[in-house]
Amino acid sequence: MGTRALVVHPRLKTEDETGEGVRDPEARLEEAVGLTSAIDLITVHSEVVTVARPRPGSLLGSGQIERLAQLVEALEIEVVVVDRPLTPVQQRNLERALKAKVLDRTQLILEIFGARARTHEGRLQVDLASLTFQRSRLVRSWTHLERQRGGTGFMGGPGESQLEIDRRLIGDRIIRIRRELEEVKRTRELHRGARKRVPYPVVALVGYTNAGKSTLFNRLSGATVMAEDLLFATLDPTMRRIGLPGGRTIILSDTVGFISELPTHLVAAFRATLEEVTEADVVVHVRDIAHPDSAAQKVDVLAVLADLGIDETTRPGRMLEVLNKIDRLPEDQRIALRERTQAGNEPVVAVSAVSGEGIDRLTAAIARLLGVDDRLCGFVLDGADGAAFAWLYAHGEVVERSDDADGTTAVTVRLSEADAARFEKRFSGSIRRPAS
């Protein structure tokens with residue numbers, strides 16, 4: 001039997017008054033329940049609690065705390081999830097009053113990342129984020145860092161009493177992890193350098209968690225990356241080489257999903273992974289268009305991208321918005337959306353990664369974005385060199401071809417600068433003269 005949990009989303013009236021709270025409280029509560037389920041907690045009760053004036057010592061009011069304490073006792077709840085960042089004092093006071101373990105939003109996300117990271121780099125990044133967070137609070141004991149288990153240690157176990165962490169030990173551990181991550185970063189840069197020498201353009205999928213990036217990645221690449229209706233189903237970046245219409249080859253990259261109020265510790269820790277996005281030639285923003293908070297999720301993703309230095313000013317004409325999960329929309333809405341995206345000039349495509357609807361338009365749109373800098377190249381080739389012609393047809397768009405009586409063939413082909421250079425170097429012996 002799993003651990004029983006109570007999930008609370010505090011709705012701050014101060015945000016309503018200032019207009020900062022752009023999200024629907026019920027949608028936020030549903031997301032918090034999803035995050036809770038992601039670490040195998042059983043949510044037995046969830047609710048939105050309106051907070052008129054946040055209390056410095058507890059966030060919630062005394063009456064609300066008393067009512068929640070009664071719920072905790074009556075429903076035998078072991079963990080209370082508060083869908084807001086809590087100060088150490090607020091967390092400690094709530095645990096005492098509710099007589100249950102209290103996790104705030106930051107700790108919950110850290111737990112999920114700790115449980116889901118699979119690669120050595122992913123585990124290092126989660127450890128760094130967790131230790132940085134712990135050092136700032138000093139409310140847990142050191143022993144959880146020695147345990148070999150998924151998660152970051154907030155969920156209880158040996159030594160999890162309210163003891164002060166030894167700052168020096170944590171500091172030493174942070175230094176060691178940063179050194180290891182530097183080694184991983186250097187290895188990643190070597191791999192990136194090797195890809196540039198190939199060179200294939202990189203197309204990165206980004207988006208809010210559970211927007212369907214991994215399902216879309218699998219649809220495009222034929223891979224079997226874990227893709228479930230689950231928040232943060234995948235954390236570690238995955239890359240595959242795929243072909244686009246017109247013969248162009250790309251590297252498709254699937255990255256960790258973003259989320260509102262993503263802990264700064266995690267953004268910093270995963271910066272090395274997110275560098276794959278900053279280096280991408282095209283950034284594909286995948287949205288769950290069927291989600292009630294889709295517009296607010298878009299704002300959150302764009303904010304994280306802007307923090308990484310990625311927007312239309314740094315990627316002019318190289319950002320594509322994909323409205324995913326149109327299969328979940330009513331028929332009339334799906335038809336209207338498809339017509340709007342097909343008729344408009346904006347870089348937006350409506351798709352269903354599950355059914356495959358719109359995937360051809362998506363790959364064509366990516367090919368168009370990558371072809372912005374293509375140029376028409378003319379060559380006169382040895383007509384008998386089938387390998388050269390096969391290469392041109394595989395990597396470019398042959399616009400015109402004419403055979404001459406002398407055994408040569410004039411060909412006009414649309415190629416990227418990099419592919420044109422590769423062709424001239426590889427098939428220099430077949431090129432008789434440039435076409436006029």
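## What counts as buried

A residue counts as buried here when its relative accessible area is under 20%, as exposed when that figure is over 50%, and as partly exposed in between. By that yardstick F427, at 9% relative accessibility, is buried. Keep in mind that this is a predicted model, so everything below is a reading of a prediction.

## The whole chain

Let's start wide. The protein chain has 436 residues, and 51% of them are buried. Its secondary structure comes to 15 helices and 14 strands. Take the contacts between residues at least 6 apart in sequence: 70% of these join residues at least 24 apart.

As for the outside, the accessible surface of the chain is about 20,200 Å². Carbon and sulfur atoms account for 50% of that surface.

## The six-stranded sheet

Reading across this open sheet, the strand order is β6-β7-β5-β8-β9-β10, and the pairing is mixed. Strands β6 (238–243) and β10 (348–350) sit at the edges with a single partner strand each, so one side of each has no neighbour in the sheet. On average, neighbouring strands are turned by 25° against each other, direction ignored.

At the β10 edge, three bridges hold β9 (residues 319–324) and β10 together, and the two run parallel. In one of the bridges, L323 has A350 of β10 as its partner. Helix α11 (residues 294–307) packs on the sheet, where it touches β5 (202–207), β8 (282–288) and β9. The direction of α11 makes about 150° with that of β8.

## Helix α8 and its neighbours

Which residues of helix α8 (residues 213–221) are buried? They are K213, S214, L216, F217, N218 and L220. As general background, an α-helix has 3.6 residues a turn, so residues three or four places apart point the same way.

The buried residues of α8 pack against strands β5, β6, β7 (249–254), β8 and β9, and against helix α13 (359–370) as well. Just after the helix comes G222, which takes a positive phi of about 75°.

## K325 and R338

Here are two basic side chains worth a look. K325 lies in the loop between β9 and α12. Is K325 buried or exposed? With a relative accessible area of 9%, K325 is buried, because the cut-off is under 20%. Leaving aside residues up to four places away in sequence, K325 touches N210, A211, G212, D288, I289, A290, V351 and S352.

R338 lies in helix α12 (residues 331–343). This residue is partly exposed, with 22% relative accessibility. Again leaving aside residues up to four places away in sequence, R338 touches E357 and R361. The C-alpha atoms of R338 and G358 are 8.6 Å apart, and the two residues are 20 apart along the chain.

## The aromatic cluster

The structure holds four aromatic pairs. One of them joins W391 and F427 edge-to-face, at 6.3 Å centre to centre with 65° between the planes. Why edge-to-face? Because planes over 60 degrees apart fall in that class. This pair links distant parts of the chain: W391 is in helix α14 (residues 386–395), while F427 is in the loop between α15 (417–426) and β14 (431–434), 36 residues apart. W391 is buried, with a relative accessible area of 5%.

F427 also pairs with F423, this time in a tilted arrangement, 5.2 Å centre to centre and 35° between the planes. F423 and F427 are both buried. Ring pairs tie F379, W391, F423 and F427 into a cluster. There is a charge-over-ring arrangement to look at too: R401 lies over the face of F389, 4.3 Å from the ring centre.

## Strands β3 and β4

Strand β3 (residues 79–82) pairs with β4 in the parallel sense over four bridges. One bridge partnership to find in the structure is V80 with V102 of β4.

How are the faces of strand β4 (residues 101–104) covered? Both of them are: K101 and L103 are buried on one side, V102 and D104 on the other. In general, side chains of a regular strand alternate between the two faces of the sheet.

Note on methods. Residues numbered from 1 in each chain as written. Predicted model: local features only at pLDDT ≥ 70, side-chain atom pairs only at ≥ 80, totals over all residues. Heavy atoms only, no water. Pairing = 2+ DSSP bridges. Axes fitted to C-alpha atoms, helices over the stretch in contact; angles between N-to-C directions. Contact = heavy atoms within 4.5 Å. Buried < 20%, exposed > 50% of the residue type's maximum accessible area, 1.4 Å probe, protein only. Areas by Shrake-Rupley, 256 points an atom, 1.4 Å probe, with all protein chains shown as cover. Phe/Tyr/Trp six-rings, centres within 6.5 Å; stacked < 30°, edge-to-face > 60°. Lys NZ or Arg CZ within 6 Å of the ring centre and 35° of its normal.
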